[in-house]
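Me: I should like a close look at a single part of this structure, followed by an account of how the surrounding elements are arranged. Please keep the description to what the model itself shows.

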Amino acid sequence: MRAAPSLPLPTDVRVMNLTARVVMVLMLLLVLAGAALWLAARPFFAIGSIRLEGDVARNNEVTIRANAAPRLAGNFFTMDLDAARAAFEAVPWVRHAVVHRIWPNKLVVRLEEHSPVAIWKGDEGNDRLVNSHGEIFEANVGDVDDDSLPAFGGQDQDAPAVWALFQRLTPVLARIGRSVDKLSVTERGSWTASLDNGSSIDMGRGNEDEVIARVERFVVSVRQVAARQQRAWDHADLRHPDGYALRMRAPLGVPNN
C-alpha cells in the first residue's frame, strides 16, 4: 500500500519554527556574551606586570611606571592599547612607545627616548629641547649639559629645517675651524649663525641648498681675506649676490681664523 505524500507545513507554522530557532540562537549568543564578559572581568586577567624594553637611559623603570600606571585603564581584554601608548608617551623623555599584550595578564612596552641635539630658545626663558628627528619636546633642560648643545631659534614649525641646515653647516664651517653655537631663522626666512668664537654670519634667505652654497663660497676665501687685513673677522654678511662683506675686529695681531 503506497504511503500518502507528506503535505508542506502551513506558512504560519514555518514562520513560527524559524522565529523559535532565531530566538534560541540569540539567547545562546547572549548567554555566551555574558559568560565572556564575566570571565573577562575576573581578577585573573587584571594587568599584573609591565615589562619595559628599549631606551630607558633618561628615566628609570620606577619613574616610568609611576608616571604611566595611573593613566592605564582596563584589563587584558578591555585595555585600549592606543590610550596605553599615549600614557607612556606622556612620560618625560619618551618619544615613542609600542604596547603589546602578553597572555594572560602582561604588557610589554618598547620605548624610544628623545635624543637631544639642541636647545630650542623660547621667550622669557621658556627653553625646550630638539631631538635627532628635528622635533621640539618638553623636558627638563637641566637634565642635559647645556654647554654641549647648540641653541636653535625660530618658529616651532621651523625646527626640522633648522636641524637639517645645522647638520649641513657643521662640516662646511669645520673647514675654517669653526662650529655653530646658535642657528636661527626669522619669520621671513632669513638665516643667522653665531659661531663658537663669538663671530656671526648673516646667511640670507632661501632654501637649504642656496644657503649652503653661500657658505661654501664664503669659507673658500675668508682665511685669505682676514690674513690680508691682519685682523680677525667679527661678522660676515653673505646676502650679497656676488660676494660677501666682512666686519673686522680691532687689530690684535695676526688672526688665527
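Which residues does Ser49 touch, not counting residues up to four places away in sequence?

Reply: The model is a predicted one. In it, Ser49 touches Asn105, Lys106 and Leu107, leaving aside residues up to four places away in sequence. Ser49 is found in strand β1, which comprises residues 49-54. With a relative accessible area of 31%, Ser49 is partly exposed, since the intermediate class runs between the limits of 20% for buried and 50% for exposed. Ser49 and Val108 are separated by 59 residues in sequence, yet their C-alpha atoms are 8.6 Å apart in space.

The sheet around Ser49 explains the setting of these contacts. β1 belongs to an open sheet of three strands, ordered β1-β3-β2, with mixed pairing. β1 and β2 stand at the edges and each has a single partner strand, so one side of each is left without a neighbour in the sheet. On average, neighbouring strands of this sheet are turned by 25° against each other, direction ignored. β1 and β3 run parallel and are joined by six bridges; Gly54, for instance, has Leu111 in β3 as its bridge partner. Helix α3 lies across β1, β2 and β3, running at about 140° to β2.

Two details of the backbone belong to the loops beside β2. Trp93 lies in the loop between α3 (81-89) and β2. Its phi is near 80°, a positive value in a residue other than glycine. Trp93 counts as buried, at 3% relative accessibility. Pro104 is found in the loop between β2 (94-102) and β3 (106-113), and a cis peptide bond joins Trp103 and Pro104, with omega about 0°.

Further along the chain there is another sheet. This open sheet has nine strands in the order β6-β5-β4-β7-β8-β9-β10-β11-β12, again with mixed pairing. Its edges are β6 (136-137) and β12 (245-248), each with a single partner strand, so one side of each is left without a neighbour in the sheet. Strand β7, residues 151-153, pairs with β8 in the parallel sense over three bridges, and Phe152 has Leu183 in β8 as its bridge partner. Helix α4 lies across β4, β5 (128-131), β6, β7, β8, β9 and β10, and runs at about 140° to β8. Helix α5 also packs on the sheet, touching β9, β10, β11 and β12, and its direction makes about 145° with that of β10.

The helix α4 merits its own description. At 1.5 Å a residue, its 16 residues should span 22 Å, and its end C-alpha atoms are 22 Å apart, which agrees. A kink of about 25° nevertheless lies at Arg168 in α4, shortly before the proline Pro171. The buried residues of α4 are Ala159, Val162, Trp163, Leu165, Phe166, Leu169, Val172 and Leu173.

In soluble globular proteins, nonpolar side chains tend to be buried together. The largest nonpolar core here has 33 residues, and those with the most contacts inside it are Phe152, Leu183, Ile201, Met203, Phe218 and Trp233. Two or more residues come from each of β4 (116-120), α4 (159-174), β8 (180-185), β9 (190-195), β10 (200-205), α5 (208-229) and β11 (233-237). Of these elements, α4 gives the most, with eight residues. A second, separate core of 16 residues includes Ile50, Phe88, Ala97 and Leu111. Leu111 is thus a member of that second core as well as the bridge partner of Gly54.

Leu183 shows how the elements meet in the largest core. Not counting residues up to four places away in sequence, Leu183 touches Ala151, Phe152, Gly153, Val162, Leu165, Phe166, Leu169, Trp191, Thr192, Ala193 and Met203. Among these partners, Val162, Leu165, Phe166 and Leu169 are buried residues of α4.

A last point concerns the loop between α5 and β11, where Gln230 is placed. Gln230 has a positive phi of about 55° although it is not a glycine. At 52% relative accessibility, Gln230 counts as exposed, whereas Trp93, at 3%, counts as buried.

Conventions
Residues numbered from 1 in each chain as written. Predicted model: local features only at pLDDT ≥ 70, side-chain atom pairs only at ≥ 80, totals over all residues. Heavy atoms only, no water. Core = buried A, V, L, I, M, F, W, Y, C linked by side-chain atoms within 4.5 Å. Buried < 20%, exposed > 50% of the residue type's maximum accessible area, 1.4 Å probe, protein only. Helix = DSSP H or I, 4+ residues; strand = E, 2+ residues; numbered from the N terminus. Contact = heavy atoms within 4.5 Å. Expected span 1.5 Å × (residues − 1). Bend = angle between axes of the 7 residues up to and from the residue. Pairing = 2+ DSSP bridges. Axes fitted to C-alpha atoms, helices over the stretch in contact; angles between N-to-C directions.
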